[in-house]
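Got your viewer open? Let's walk through this one stop by stop, selecting as we go.

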Amino acid sequence: MMNPKVKVVSIKGKYLVLRWQDPMTGAACQRSAGTMDRKAAQQKALELEQAIRNGSTTDHSRTTWKELRAQFEAHHLPSLKLSTVRSYATAMNSFEATIRPHRLADISEMRMATYQSRLRDEKLSEASIASYLRHLKAILRWGVDHGIMGKCPKIKMPKRARGTKHMKGRPINSEEFRRMLDSVEFIVGEENAHSWKRYLEGLWCSGLRLEESLEVYWDRPDRLYIDLAGELPLLKISAEYEKGNRDRTLPIAPEFENWILQTPESERHGAVFDPLGYHGDRPRKDWVSKVVSRIGEKANVVVDIDSRTQKPKYASAHDLRRSFGARWAFKINELQLMELMRHESINTTLRYYVGQDATRLGKHLREVVKGDDQHCVW
């Protein structure tokens, strides 16, 4: 139960002033009593105290973005995954650096539109812009729900332009993957080459996301865990490390099982994927991502061309995941592929992996009817 105390204060001015501490943000607030009659002002103070107890009024005009961010970080972010917390922090830092917001009342629809325009001027992708806006919209709505701000400004989300692509890369083929393996030693050196080739092979066979691969262990059920105790190997994922934020037990593709079983039983402890750093240590996720991209560049595996700069984008760790999904798209149905890829929505599976390769689909159709009459009958 909130028990705010509103004081009547006399200052130089036309009217007495009501002062109190906002129970949600802890900020000092004040407003004019609209009278110089102290008895009338005291009555208004009592009415304001009751309104604050009922949660029906907060002086939003003076509340700052800094106060909202502090409350959001203290009361909402601790319940979220670390990766989600980082995404919120990235969006908030970008917003602050670009717009420099002060009071929440100043965050208008026009300022949000200006923010989008400036991000485009900085050459951010539409996907990144949309991600920032989704996180900011969630923060502002949380502020409204908790009485910290009056209303959320309308934020128009960017629409994918006609003719633009869903993917920022593409699946690569076996020949391109072999070129990447042949390029490993040039990037990481002879001493570390074996561990990095094993790492790339594991990504190719498993379909794991890069951040997931570095959390897979033989003996850590609290992370991503390879369970070999049953009839078939299974991948068990703790909710904290799953993009869908729930515990999952998943089958393992046969090629990934074969890759796993190449590790002798005596060595099945610690991390399953263990690419070595330059000093023999375990590298960070961002560094691993850069190394894989450098390997793709060395192998000259171009997966996309930036429409604005015309610069090539070389194969990355996620393109190996795309390759895994594309291979299995012709072997299993859509719902099975959705489960294997761990998509939250069947629409993601259909958009990215089903029907993407017309030539392969055409060959598959011919295999299906091989030996039958292929002429159209009417």
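The tour starts at a sheet and then moves on to aromatic rings. Keep in mind that this is a predicted model.

**Stop 1: the sheet.** Select β4, β5, β6 and β7: they make an open sheet of four strands, in the order β4-β5-β6-β7, with mixed pairing. β4 (216–217) and β7 (248–251) are at the edges with a single partner strand each, so each has one side without a neighbour in the sheet. Now zoom in on β4 and β5 (residues 224–227), which pair in the parallel sense over two bridges. Show V216 and you'll find L224 of β5 opposite. While you're here, add Y217 and R220: R220 lies over the face of Y217, 5.4 Å from the ring centre.

**Stop 2: a stacked pair.** The model has eleven aromatic pairs. For one of them, select F177 and W204, which are stacked at 4.3 Å centre to centre, with 10 degrees between the planes. F177 belongs to helix α6 (residues 174–188) and W204 to helix α7 (residues 190–206), so this pair ties together parts 27 residues apart in sequence. Buried or exposed, F177 and W204? Both are buried. Next, show R327, whose charged end sits over the ring of W204, 4.3 Å from its centre.

**Stop 3: helix α9.** Select residues 254–261 and pick out F256 and W259, three residues apart, about one turn of the helix. Their ring centres are 5.8 Å apart and the planes are at 25 degrees, so this pair is stacked. F256 and W259 are both buried. To finish, add W196, Y199, F273 and W287: together with F256 and W259 they form one aromatic cluster.

Terms used: Residues numbered from 1 in each chain as written. Predicted model: local features only at pLDDT ≥ 70, side-chain atom pairs only at ≥ 80, totals over all residues. Heavy atoms only, no water. Pairing = 2+ DSSP bridges. Phe/Tyr/Trp six-rings, centres within 6.5 Å; stacked < 30°, edge-to-face > 60°. Buried < 20%, exposed > 50% of the residue type's maximum accessible area, 1.4 Å probe, protein only. Lys NZ or Arg CZ within 6 Å of the ring centre and 35° of its normal.
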